[in-house]
Amino acid sequence: MAGSQVTAAEGAEGDAIATEWQAGVARTVITPKTAVWLAGYGSKRAPDGKLHDLWMKALALEDTKGNRAVLITSDFQGVPKIMSDVVFQRVKEKYDLDRKQIMFTFSHNHCGPRLGDDLVDYYIVDPEQVKLVDEYTAEMVTATVDLVGEALANLAPATLKMGEGHATFAVNRRNNREADVANMLETGIPLLGPVDHSVPILTVTRPDGKLEAVLFGYACHPTTLSFMTWCGDYPGFAQVEIEKNHPGTTAMFVNTCGGDQNPLPRRTVQLCEKYGHMLAVGVEEALVQPLTRVSGGLRTAFELVELPYLKTVTREDLNKFAAENHEIRARWARRMLAKLDAGETFSDSYPYPVHAWQLGKEMLVIGQGAETVVDYALRFKHEYGPGTWVCGYTDDMISYIPSRRVWEEGGYEGGSSLYEYGRPALRWAGDVEDRIAASVKKLVEQVRD
């Protein structure tokens, strides 16, 4: 198929420079075999079948000095800290990879399964479901660790190249009413608000010219669909199409700060397939353009930066919320009260994961936990220049992470919604962007010469 092999000249070039990188790719199906509910949307969502399998995939990299890193992509809605921390610990024990050497990303697909305590107060308490979620989460911990090991075992000479395509279906949901978008698009009325329509790609090519993997990103919620059927939403359809176009190639998706972006209009499989196709076309357009070779050399840095809450809730606050006619918030308040009754105390901040990886001279990957709004990608790409990827939804599904602009505007992503994520507070303090930006700056300085 077109694009699955490179030209003879490119193959010769790759043969000459492939010694700069070793790359390993692995993949595993994560479609549940039990009736674990679908994650998100705050309701009981028992699965009724699948459109296509869900996947977790891994790309391992090693430079000539033996420096290693592994990027995991997945069709999960959200990986909670209680799961990823165990993965990081076991990966360290089995493969001697430190936290700075592994990013665990999730697409935020809302047609994927529940995991651990992610959004735990969204769902009615069902003992059988708790058991199924615990069992599935434990299974996924083992699967993730094994996947990392397989990717490392598959390390072999490779050439890395990067480029960028374009896709336009993401809409800033804060600045455009969903009910108005279809008519705005049809009549040519400009949509409002910041967006990031870039589709960054990274290719992994073997010395014989085989396209081993394509990593690509886009900034948009995978919330086209809200039904009860397993699938990867638009990123899943995009990966299926790219892999069909390039037999033997693994397509991998990362969500690049789509916390305030939606695929609009939505709610039909036809639209989901359309957006997946648009994204795949963006990748294919990038593949046929001249790509930039990523030179050898890998440096990684990581830290947990404390993000303060505006105000930690008190027992008095929780008693009031527990009596409200607001199902999710009341359930959260009762669970928080039980913690206080058990003698627990609430922290006034949360440890937020931040990564910086420098690949050669050309590529910088910034990884941020949770649902980062698009402002972060736009800011860091401007500050750190061409070749910068900014990945949200990394390591821990904490909550929405507003920029200062979004925090001041309020609304769902910037306002009092932290209870939905089980945090002991309603809002972040107003300086979270400054704290994250300071951490990114420090880590970038560590990985750049």
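**Exercise 1. Find the contacts of Leu155, then place this residue in the chain.**

Start with the contacts: leaving out neighbours within four places in sequence, Leu155 touches Gln22, Ala23, Gly24, Ala60, Leu61, Glu62 and Arg68. Keep in mind as you explore that this is a predicted model.

Next, look at where the residue sits: Leu155 belongs to the loop between α3 and β5.

Now pick one partner, Arg68. Leu155 and Arg68 are 87 residues apart along the chain, yet their C-alpha atoms are separated by 10 Å.

Finally, decide whether Leu155 is buried or exposed. Buried means under 20% relative accessible area. Leu155 has 17% relative accessibility, so it counts as buried.

**Exercise 2. Describe the surroundings of Thr144.**

First, locate the residue: Thr144 is part of helix α3, which covers residues 127–153.

Then check its accessibility. The value for Thr144 is 0%, and therefore this residue counts as buried.

Last, list what it touches. Not counting residues up to four places away in sequence, Thr144 is in contact with Met56, Ile72, Met83, Val87 and Phe104.

**Exercise 3. Work out how helix α6 is built and what covers it.**

Begin with its length. Helix α6 runs over residues 269–287, which makes 19 residues. From first C-alpha to last it reaches 27 Å, close to the 27 Å expected at 1.5 Å a residue.

Continue with its buried residues, among them Leu271, Cys272, Tyr275, Gly276, Leu279, Ala280, Val283 and Leu287. When you look at the spacing in such a list, it helps to know that an α-helix has 3.6 residues a turn, so residues three or four places apart point the same way.

To finish, ask which elements lie over the buried residues of α6. The cover includes the strands β5 (156–166), β7 (198–205), β8 (211–218), β9 (250–255) and β10 (261–263), along with helix α5 (233–245).

**Exercise 4. Sum up the whole chain.**

Count the elements: there are 12 helices and 17 strands. Then judge the packing. The radius of gyration is 21 Å, close to the 22 Å that the globule rule gives for 449 residues, so the chain is as compact as a globular protein of that length. Along its principal axes, the C-alpha trace spans about 70 × 55 × 45 Å.

Go on to burial and contacts. Of the 449 residues, 59% count as buried. Among contacts with a separation of 6 or more, 80% come from residues 24 or more positions apart.

Close with the surface and the charges. The chain exposes about 17,200 Å², with carbon and sulfur atoms supplying 52% of that area. The mean positions of its 47 positive and 61 negative charges are 2 Å apart.

Technical notes:
Residues numbered from 1 in each chain as written. Predicted model: local features only at pLDDT ≥ 70, side-chain atom pairs only at ≥ 80, totals over all residues. Heavy atoms only, no water. Helix = DSSP H or I, 4+ residues; strand = E, 2+ residues; numbered from the N terminus. Rg over C-alpha atoms; globule rule 2.2 N^0.38 Å. Buried < 20%, exposed > 50% of the residue type's maximum accessible area, 1.4 Å probe, protein only. Contact = heavy atoms within 4.5 Å. Areas by Shrake-Rupley, 256 points an atom, 1.4 Å probe, with all protein chains shown as cover. Lys, Arg positive; Asp, Glu negative; His and termini not counted. Charge placed at Lys NZ, Arg CZ, Asp CG, Glu CD. Expected span 1.5 Å × (residues − 1).
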